[in-house]
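Please follow the chain with the model open beside the text. The paragraphs below go from one helix to its surroundings, then to the surface and to the backbone.

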Amino acid sequence: MNPSRCVACWECVEKCPKHVIGKTGSLWHRHVAFNDVDACIGCNKCVKTCPQGVFFKADEAFLSVLSKFGSRNKTSFSIERLLPLAFVASAVTGIGLHIAGHGESFEVWLCWTWAHILSSLIWLISAVLHIKRHWHWYKSIRQKGIGRKSRITLALSATFLIVTFTGIVLIACVEGANSVVGAWHYRPGLLLIVLSLIHGFRRMRKK
């Protein structure tokens, strides 16, 4: 399966006689997923039905390996659905933390800090799983090069790494409000929000 080609028409889901294929994602990020690999009977209806060429025939050795990771894939797909919600929670608590840092109440700032750390941790896990799902796209850049559509995604990925690194430094250094590291984390964080929204809206238009 090449999920990057999927346009979420769901024709393959309806045609699959054993319900091997399911849906994953929400809002702008939607594509098909293998729900139960062990139930596949190799009828190839998905290959014949899909107008985008998402599916391809696989030999028995490949199916044997894939079946071992079936339950793991299903779990990671479920976690990946948290991505939009975790993103919103991390963005809101991050902005709230920045505003609280200019206030006089340490208790309020501390509450926003923990809320932002927890929501960002969930978002980090779901984002890593999301990147792992589409790792083939990053590999394809070596062959196809960086096109116009790839620039936003690459900028988003680079900003994500910066925000993650500065966030870890903030926790490790235990720096307080209005710190220098905090500023380096907050500003790229705002850029990350903008790039994520652009990436999301472009995915919505594509669907």
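G96 is found in helix α5, where helices (H or I, at least four residues) and strands (E, at least two) are DSSP runs, numbered from the N terminus. At 11% relative accessibility, G96 counts as buried, a term that stands for under 20% relative accessible area, with exposed meaning over 50% and partly exposed the range in between (1.4 Å probe, protein chains only). In space, the C-alpha atoms of G96 and W112 are 6.5 Å apart, although 16 residues separate the two in sequence. This is a predicted model, in which local features need pLDDT of at least 70 and side-chain atom pairs count only at pLDDT 80 or more, while totals for chains, interfaces and linings use all residues. Residues are numbered from 1 along each chain as its sequence is written, and side-chain values use heavy atoms, with hydrogens and water left out.

W112 also appears on the surface, as a member of a nonpolar patch of about 330 Å² that it makes together with V88, V92 and V108. The elements that contribute two or more residues to this nonpolar patch are α5 (83-101) and α6 (106-133). Patches are made of residues with over 30% relative accessible area and no salt bridge, with like charges joined within 9 Å and nonpolar side chains (Val, Leu, Ile, Met, Phe, Trp, Tyr) within 5 Å; the accessible areas come from the Shrake-Rupley method with a 1.4 Å probe, and for residues only the protein chains shown count as cover. A salt bridge, in turn, is a side-chain nitrogen of Lys or Arg within 4 Å of a carboxyl oxygen of Asp or Glu. V88 belongs to helix α5 and, with a relative accessibility of 47%, counts as partly exposed.

Another residue pair leads from L97 to Y186: their C-alpha atoms are separated by 9.6 Å, while the two residues are 89 apart along the chain. Y186 has its place in helix α9 (residues 180-206) and is partly exposed, at a relative accessible area of 21%.

Helix α8 (residues 150-173) can be followed through three of its residues, one of which is S157. S157 is buried, with a relative accessible area of 16%, and its side chain reaches the backbone oxygen of T153 at 2.8 Å; a polar contact is a pair of N or O atoms within 3.5 Å, where within protein one must be able to donate a hydrogen and the other to accept it, and residues adjacent in sequence count only if both atoms are side-chain atoms. T153 is likewise found in helix α8 and counts as buried at 16% relative accessibility. The C-alpha atoms of T153 and L195 are 8.1 Å apart in space, with their positions 42 residues apart in sequence. T159, also placed in helix α8, is buried with a relative accessible area of 6%. A polar atom of the T159 side chain lies 2.7 Å from the backbone oxygen of A155, and, C-alpha to C-alpha, T159 is 9.8 Å from L190, a residue 31 positions away in sequence.

Turning to charge, K15, K45, K48 and K57 gather in a surface patch of positive charge. For such patches Lys and Arg count as positive and Asp and Glu as negative, whereas His and the chain ends are not counted. Of these lysines, K45 lies in helix α2 (residues 45-49) and is partly exposed, with a relative accessible area of 42%.

Which residue in the loop between β2 (29-34) and α2 deserves a look at its backbone? The residue is N44, whose phi is near 65°, a positive value in a residue other than glycine. Most residues other than glycine have a negative phi. N44 is partly exposed, with a relative accessible area of 24%. W10, which is not a glycine either, has a positive phi of about 65°; W10 lies in the segment before α1 (11-15) and, at 15% relative accessibility, counts as buried.

Taken as a whole, the chain has a secondary structure of 9 helices and 2 strands, with its elements running α-β-β-α-α-α-α-α-α-α-α from the N terminus on. Of its 207 residues, 36% count as buried.

Key. The place of a charge is taken as NZ of Lys, CZ of Arg, CG of Asp or CD of Glu.
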